[in-house]
Amino acid sequence: MTGDAGGGAVLLPALLAAQRRRLAEAGIDTASLDIRLLAGRVLGVDAAGLLAHDGPLGAAAAADITAMVDRRLAGEPVARILGDWEFWGLPFVLSPATLVPRPDTETLVEAVLDLVRGGAVPGAGPDGAGLTVVDLGTGSGAILVALLSELGAAEGLGVDLSEEALSTARLNAARNGVAGRSLFCRGSWLDAVTGPFSLVVSNPPYIESADIDGLAPEVARHDPRLALDGGADGLDAYRVIAAGAAARLVPGGVLALEIGWRQAVTVTEILADAGFAAITVRRDLAGHDRVVIGRRR
């Protein structure tokens, strides 16, 4: 089947099979999942609903599904086509100024929740009472909103340089019921806030500038460069954040950072040089170093 769905009705299973084949022949490994998500969005049904729908499909719906597949074949990620994505079991609206939340980042959320619930964050109760979480480079707000959804008594502050990203984050906080416990402000890392705080988190840009154009097209052409470019060695943001957090955290306060999987040693050194102690590294589900955590002396 080509990009023209035709003028008449077709059977959904036949359409899905043809579009799945187009994706697979283009080398897209997630062809089956992609077509389920795209067709499900057009029809307003889940995977079970697609299986149950064995009747004819109107020409307009068929054309919409085919158009989405055309976009996918052109290298656009499914999340961008849909305009939203799930993270930590929660729905997040996306915008051109925000990254697509990725499963690797859930490792950061898990690590922070373990610290708070284990009594390891100064002044914070296990439900987040007494805690303000500061999320730097908040983007879609995924990290902050996920944490606030789990810590029902915590409050949060999201900081981002992009006004568009901040608008998206505010929308996601409202969509997930935490708008009343969150505030978002424009700024460069910690320059816009004074503290003192007991917990700062961030998933900063950590790709080396020269490597960005060589990333997968889904990332290089569709993710905001501001959220990817970590400078010549990928570590610019870590140096700035570590210095700023050391000045704004209470003694024993926690800084938790997502990292590229080969950056644990250098980010650990950056935190140590900035005055952090008890530095630990947390691995993701694939066994890669993913989060570095330090405490202010």
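This is a short conversation about how the features of this predicted model are named and judged.

User: Before we start, what kind of model is this, and how are its residues numbered?

Analyst: It is a predicted model, where local features need pLDDT of at least 70, side-chain atom pairs count only at pLDDT 80 or more, and totals for chains, interfaces and linings use all residues. Residues are numbered from 1 along each chain as its sequence is written, and side-chain values use heavy atoms, with hydrogens and water left out.

User: Good to know. How many helices and strands does the protein have, and what makes a run count as one?

Analyst: The protein has 11 helices and 11 strands. These are DSSP runs numbered from the N terminus: H or I over at least four residues for a helix, E over at least two for a strand.

User: Why is the protein called as compact as a globular protein of its length?

Analyst: Its radius of gyration is 21 Å, close to the 19 Å that the globule rule gives for 297 residues, so the description fits. The radius is taken over C-alpha atoms, and the rule is 2.2 Å times the number of residues to the power 0.38. Those C-alpha atoms fill a box of roughly 70 × 40 × 35 Å along the principal axes.

User: Why is Trp189 called buried?

Analyst: Buried means under 20% relative accessible area, exposed means over 50%, and partly exposed lies in between (1.4 Å probe, protein chains only). Trp189 has 19%, so it counts as buried. You will find Trp189 in the loop between β7 and β8. Its phi is near 50 degrees, a positive value in a residue other than glycine.

User: And Ala278, is that residue buried or exposed?

Analyst: Ala278 has a relative accessible area of 54%, so it is exposed. This residue sits in strand β10, residues 276-283, and has a positive phi of about 50 degrees although it is not a glycine.

User: What makes such backbone values worth pointing out?

Analyst: Most residues other than glycine have a negative phi, and most peptide bonds are trans. There is a cis bond here too: the one from Gly195 to Pro196, with omega near 5 degrees. Pro196 lies in the loop between β7 (182-186) and β8.

User: What makes a group of residues a nonpolar core?

Analyst: The members are buried Ala, Val, Leu, Ile, Met, Phe, Trp, Tyr and Cys residues joined through side-chain atoms within 4.5 Å. The largest such core has 35 residues, and Leu131 and Leu199 touch the most other members. Elements that give two or more residues to this core include α6 (106-117), α8 (163-175) and β9 (249-258). Another core, of 32 residues, lies apart from it, with Cys185, Leu228, Ala237 and Tyr238 among its members. In soluble globular proteins, nonpolar side chains tend to be buried together.

User: How do you know that Leu131 touches Leu199?

Analyst: Contact means heavy atoms within 4.5 Å. Leaving out residues up to four places away in sequence, the list for Leu131 includes Val116, Val121, Ala124, Ser198 and Leu199.

User: Why is Ser140 called buried?

Analyst: At 5% relative accessibility, Ser140 falls in the buried class. Its loop runs between β5 (132-136) and α7. Beyond four places in sequence, Ser140 touches residues including Phe92, Pro101, Thr168 and Asn172. Leu99 is 41 residues away from Ser140 in sequence but 7.1 Å away in space, C-alpha to C-alpha.

User: Which class does Arg290 fall in, and what does this residue contact?

Analyst: Arg290, in strand β11, counts as buried at 5% relative accessibility. Not counting neighbours within four places in sequence, its contacts include Asp104, Tyr206, Glu258, Trp261 and Asp284.

User: Why is Arg297 called exposed?

Analyst: Arg297 has a relative accessible area of 60%, so it is exposed. This arginine is in the segment after β11, and its contacts beyond four places in sequence are Pro251, Ala272, Gly275, Phe276 and Ala277.

User: And why is His53 called partly exposed?

Analyst: His53 has a relative accessible area of 29%, so it takes the in-between class. His53 is in the loop between α3 (47-52) and β2 (56-57) and touches Leu12 and Pro13, leaving out residues up to four places away in sequence.
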